[in-house]
Amino acid sequence: MLKRFEVEGFRNFEKKIIIDFSDVHDYKFNTECITNDILSKMIVYGKNSVGKSNLGLAIFDIVAHLTDRNVTPDLYDYYLNANNQDSAKFRYVFQFQNDVIDYKYSKDQKRSLIYEEISINDKLLFSYDYSTMKGEYEGLKALNPSLILDFENLESVLRYIINNTKLEDSHPLRKMIKYVSSMLWFRNLDENRYIGYKSNTKDFFDFIFERDTLKEFQAFLNESGIDDELSVKVDTDGVKRLYLNSKVPIPFWKTASSGTKALYTFFYWYKTAKDVSMMFIDEFDAYYHYELSESIVKLLEKMTDTQIILTSHNTNLLSNRIMRPDCYFILTKDKLTSLVNATDRELREGHNLEKLYMSGEFNG
């Protein structure tokens with residue numbers, strides 16, 4: 001799992017922003033939000049334009065140069081911070097059982113690597129400076145003595161190593177690549193922009209046509225307070241399409257509300273990405289009633305092996321009944337802080353977190 005993340009110089013993050021997923025406090029409630037002493041469920045709050053969306057894009061930057069998964073191109077326009085045009089720096093610390101991987105790199109405006117370094121259990125595997133084409137390789141020689149150490153014109157030394165070295169599935173590097181390849185970022189919008197997990201989503205509109213899937217989606221909508229009935233019709237052009245039932249059936253994608261379309265997008269990923277390692281849903285409840293938002297969070301909490309990060313403006317979710325103080329975060333232009341670390345008050349299960357938030361308790 002991801003244990004720590006740092007970013008600096010990317011988009012609006014002029015200063016270093018840190019997420020310490022290992023900063024777990026001794027709460028005895030909502031323990032399903034913690035997995036192996038690491039935060040696995042969290043919600044990020046913040047005012048408009050502080051970078052909640054950019055936080056997700058920063059975390060998922062690693063997907064671009066280590067995998068062949070989808071990265072919607074325009075999401076990464078204007079890559080560097082306006083006041084820091086030197087480079088964007090990233091650091092990922094992963095923990096898999098007793099193994100810790102520390103991966104650092106920096107990129108330029110074109111998103112090309114200019115420095116890369118990785119250590120396993122505090123032992124340097126390699127470091128490489130793309131501008132001088134020099135580095136340290138002693139750990140790499142021990143991993144694969146036959147590897148040709150000619151890295152000129154490579155997009156990523158680490159990706160080259162992994163693709164040209166036989167590693168057991170139990171090796172930390174193999175576990176790291178499996179984790180990164182299974183990361184998923186998306187927005188609950190009908191445009192279906194996403195990063196990671198799949199190379200394409202050609203099945204996005206078609207997966208619902210399976211009878212059992214349609215019935216399950218119908219039940220999901222009904223449980224969400226939407227009474228629309230659905231059906232699948234083959235139109236005169238021979239194409240299957242989803243319809244809302246009425247005296248005269250009407251096309252789902254042309255007439256459904258934004259909230260209903262958002263539920264379809266969520267349902268698609270929930271059904272097709274159950275083995276996802278990390279799921280980041282940006283503005284996950286933008287179209288939801290607060291009760292529906294809560295039910296979605298509870299549903300996601302059942303994904304015990306997945307780290308999930310949600311961004312929201314919905315303060316109704318700030319409740320110890322749903323999560324816990326070390327799982328709620330506030331993002332400002334300078335830092336990301338959990339509620340438990342944003343106040344000198346000892347937060348307990350009986351505290352009304354929403355009331356404290358609205359009163360400015362966590363603005364210090």
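# A walk through a predicted structure

S156 sits in the loop that runs between α3 (138-143) and α4 (157-163). Let us start our walk there, keeping in mind that what you are looking at is a predicted model.

Is S156 buried or exposed? With a relative accessible area of 5%, S156 falls under the 20% limit, so S156 counts as buried. Next, look at what its side chain does. The side chain of S156 makes a polar contact with the side chain of E116, at 2.9 Å. The side chain of S156 also reaches a backbone atom: the nitrogen of L158 lies 3.4 Å away. If you leave out residues up to four places away in sequence, S156 touches H65, L66, Y103, L113, E116 and Y130. You may notice that E116 turns up twice, as a residue touched by S156 and as its side-chain polar partner.

Another serine in a loop makes a good second stop. S182 lies between α5 (172-181) and β11 (183-187). With a relative accessible area of 13%, S182 is buried. Which residues is S182 in contact with, leaving aside its neighbours within four places in sequence? They are Y197, D275, V276, S277 and M278.

Now let us turn to strands. Strand β1 (residues 2-8) pairs with strand β2 in the antiparallel sense, and four bridges join the two. One pair to find is V7 and its bridge partner in β2, I17. Follow β2 (residues 17-20) and you will see its side chains alternate. I17 and I19 point to one face and are buried, while I18 and D20 point to the other face and are not buried. So I17 plays two parts in this picture, because I17 is the bridge partner of V7 and also one of the buried residues of β2 under the 20% limit.

The backbone has some details to enjoy too. Most residues other than glycine have a negative phi. M133 has a positive phi, near 55 degrees, and M133 is not a glycine. You can find M133 in the loop between β9 (123-129) and β10 (134-136). M133 is partly exposed, with a relative accessible area of 45%. E283 is another residue to look up: its phi is positive, about 45 degrees, although E283 is not a glycine. E283 lies in the loop between β16 (278-282) and α9. Its relative accessibility is 24%, so E283 counts as partly exposed.

From single residues we can move on to empty spaces. How many cavities of 30 Å³ or more does the structure hold? The structure holds one, and about 30 Å³ of space lies in the largest cavity. Its lining is made by K41, M42, V297, L300, E301, I308, L310 and M323. Three elements each supply at least two of these lining residues: β5 (41-45), α9 (290-301) and β17 (307-311). Of these, α9 gives the largest share, three residues. By class, the lining of the largest cavity has six nonpolar residues, two charged residues and no polar ones.

Pockets come next. The largest pocket has a volume of about 540 Å³. It is lined by 18 residues, and M1, F96, Q97, Y179 and D305 are the closest to its centre. Two elements, β6 (88-96) and α5, give two or more residues to this lining. The most comes from α5, with three residues. This is the helix that you met just before S182, since S182 lies in the loop between α5 and β11. The lining of the largest pocket divides into five nonpolar, seven polar and six charged residues.

The last stop is the second largest pocket, which holds about 420 Å³ of space. Which residues lie nearest its centre? Among the 17 residues that line this pocket, those are K47, I330, T332, F362 and N363. Both β18 (328-331) and α10 (353-358) supply at least two residues to the lining. By class, the lining of the second largest pocket has seven nonpolar, seven polar and three charged residues.

Technical notes: Residues numbered from 1 in each chain as written. Predicted model: local features only at pLDDT ≥ 70, side-chain atom pairs only at ≥ 80, totals over all residues. Heavy atoms only, no water. 1 Å grid on protein atoms, 1.4 Å probe; cavity = no way out; pocket = protein on both sides within 12 Å on 5 of 7 lines; lining within 4 Å. Points joined across faces, edges and corners; volume = space filled by probe spheres on them. Nonpolar A, V, L, I, M, F, W, Y, C, P; charged D, E, K, R; others polar. Buried < 20%, exposed > 50% of the residue type's maximum accessible area, 1.4 Å probe, protein only. Pairing = 2+ DSSP bridges. Polar contact = N/O pair within 3.5 Å; in protein donor to acceptor, adjacent residues only side chain to side chain. Contact = heavy atoms within 4.5 Å.
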